[in-house]
Amino acid sequence: MLILGIETSCDETAAAVVEDGRRVRSSVVASQHALHARYRGVVPEIASRAHLERILPVVREAIAAAGLSLDAIDGVAVGVRPGLIGSLLVGTSAAKGLAWGLGKPFLAVDHVEAHLHAGSLEQPAPPMPAIGLVVSGGHTSLFEWPCEGALQLLGRTIDDAAGEAFDKAAAMLGLGHPGGPRLETLAREGDPEAVEFPRPLLGPESLDFSFSGLKTAMRLAILAAADTPSGDPAASASRLPPKRRADLAAGFERAIVGTIATKLRRAVDRLDAAGRRPCSLFAGGGVVANESLRAMLRETAAAESLELRLPLPQHCLDNAAMIAAAASGRLAAGESDPLWTPAEPLSRHGRRGAAGS
Ligand code: KG4
Ligand code: ZN
């Protein structure tokens, strides 16, 4: 079974062909980072125009790299939510047009759920039920993934996602866009104990996350280190010795990873107490490319006796192979979606399930 996946929810135009939900026959990602760098963030109008220019060449390249013709595809899957609406509309319209023109099934995929399916690519299926953790630029969410039925939200960020906090902190340190990977590189040179950042836990019971206070903590820490009581943190950071900036990056990274570790263990305990202990841990999203986070996930999985499915690094960031993987179970079961399925900016995972706080 061959699925053409398409992804355009934010600033990557991506297409991929995945066989039987696991084997990546091709995966093409055209990043727009260079277009948005000077604005220090993604500009929605620029993003949707760039998707429009790139989508058909990217799809053609994915089909050619898979060594196929379009006729060989069994279905077309696309991320329809959540994301920037103009960007989502480009991919969704392209996928619908292809599915209709080829007479093949159309499958609508939730982008956040797809991040969890990235762990299935090129790896054997783990035992279920599972717990899922998505850590991306737009989401920080914990899910219960039962053997049968839909993912249940256990907790999510009440303000900024972890990736967004990384990007904003990196901008304050003068590191440019996208900040997450640059902050990780700088953090490797620093001492994570040198500067203490808060670990926002939202009380002893909560499975939700809150990272916006960490941005304020970074701004205050930079201004204090530079001995400038107010002003532009990036200007102050540029006056700091490199080791001091690295210490700030390392302390910040440790606070985020430590907070996620606490919530993850809490969620496993909660499911255990409810008699629904997970057997596996799926993690996904751009921040899961971070080596400190990956190391923490390996440790937690070992300590909790969970089988870990970490996506390969190239499948952590937005890509279309995960979209195809997320659709494969439904297509194999003979399901598809109508062509009037809308693109939606918001996630449908707005409410927590019974085990969530
Ligand atoms: O999943 P993704 O590609 O897009 C969304 O769905 O949001 O995640 C992008 C986010 C960005 O915030 C980026 O800075 C962050 O993932 N990121 C990282 C690393 N690589 C990407 N954050 C920390 N460390 C990294 N190595
Ligand atoms: Zn994503």
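Mentor: Welcome! Let's begin with a term: a polar contact is a pair of N or O atoms within 3.5 Å. Keep in mind that this is a predicted model.

Trainee: Thanks! How far does a polar side-chain atom of N290 lie from a nitrogen atom of ligand 1?

Mentor: The limit for a polar contact is 3.5 Å. The pair formed by the side chain of N290 and a nitrogen atom of ligand 1 falls within it, with a distance of 3.1 Å.

Trainee: And what share of ligand 1 does the protein bury?

Mentor: Start with ligand 1 taken alone, which exposes 550 Å². Of that area, the protein buries 90%.

Trainee: Which elements give two or more residues to the shell around ligand 1?

Mentor: Look for helices here. The elements that do so are helix 4 (111-117), helix 5 (162-172) and helix 6 (179-187).

Trainee: Which residue has a side-chain N or O atom 3.2 Å from an oxygen atom of ligand 1?

Mentor: Oxygen atoms of ligand 1 meet both backbone and side chain. A polar backbone atom of G180 is 3.1 Å from an oxygen atom of the ligand. The side-chain atom at 3.2 Å belongs to H111.

Trainee: Which residues come nearest to ligand 1?

Mentor: There are 18 residues around the ligand. By class, that shell has 5 nonpolar, 10 polar and 3 charged residues. Those that come nearest are G137, D167, E184, G286 and D318.

Trainee: Let's turn to the sheets. Which are the edge strands in the open sheet with the order 3-2-1-4-5?

Mentor: This sheet has 5 strands with mixed pairing, in the order 3-2-1-4-5. An edge strand pairs on one side only, and that applies to strand 3 (23-31) and strand 5 (106-110).

Trainee: What is the bridge partner of I3 in strand 2?

Mentor: Strand 1 (residues 2-7) and strand 2 (residues 12-19) run antiparallel and are joined by 6 bridges. In strand 2, the partner of I3 is V18.

Trainee: What angle does the direction of helix 2 make with that of strand 2?

Mentor: Helix 2 (residues 44-65) packs on this sheet, where it touches strand 1, strand 2 and strand 3. Its direction and that of strand 2 make an angle of about 25 degrees.

Trainee: Now the sheet with the order 8-7-6-9-10. What does the twist average from one strand to the next?

Mentor: This is an open sheet of 5 strands, again with mixed pairing. Its edges are strand 8 (152-156) and strand 10 (307-309). From one strand to the next, the twist averages 20 degrees.

Trainee: Which residue in strand 9 does A130 stand opposite?

Mentor: Strand 6 (residues 130-135) and strand 9 (residues 280-284) run parallel, with 5 bridges between them. A130 stands opposite S280.

Trainee: What angle does helix 9 make with strand 6?

Mentor: Helix 9 (residues 242-273) packs on the sheet and touches strand 6, strand 7 (140-145), strand 8 and strand 9. Its direction and that of strand 6 make about 155 degrees.

Trainee: Where is P178, and is its peptide bond from H177 cis or trans?

Mentor: Most peptide bonds are trans. P178 lies in the loop between helix 5 and helix 6. With omega near -5 degrees, the bond from H177 to P178 is cis.

Trainee: Finally, what is the phi of D20?

Mentor: Most residues other than glycine have a negative phi. D20, in the loop between strand 2 and strand 3, is not a glycine, yet its phi is positive, at about 50 degrees.

Note on methods. Residues are numbered from 1 along each chain as its sequence is written. Chains are lettered from A and ligands numbered from 1 in the order in which they are written. This is a predicted model: local features need pLDDT of at least 70, side-chain atom pairs count only at pLDDT 80 or more; totals for chains, interfaces and linings use all residues. Side-chain values use heavy atoms; hydrogens and water are left out. A residue is near a molecule or strand if one of its heavy atoms lies within 4 Å of it. A polar contact is a pair of N or O atoms within 3.5 Å; within protein, one must be able to donate a hydrogen and the other to accept it, and residues adjacent in sequence count only if both atoms are side-chain atoms. Accessible areas come from the Shrake-Rupley method with a 1.4 Å probe; for residues, only the protein chains shown count as cover. Helices (H or I, at least four residues) and strands (E, at least two) are DSSP runs, numbered from the N terminus. Ala, Val, Leu, Ile, Met, Phe, Trp, Tyr, Cys and Pro count as nonpolar, Asp, Glu, Lys and Arg as charged, and the others, Gly among them, as polar. Two strands pair if DSSP finds at least two bridges between them. Contact means heavy atoms within 4.5 Å. Axes are lines fitted to C-alpha atoms, for helices over the stretch in contact, and angles run from 0 to 180 degrees between N-to-C directions.
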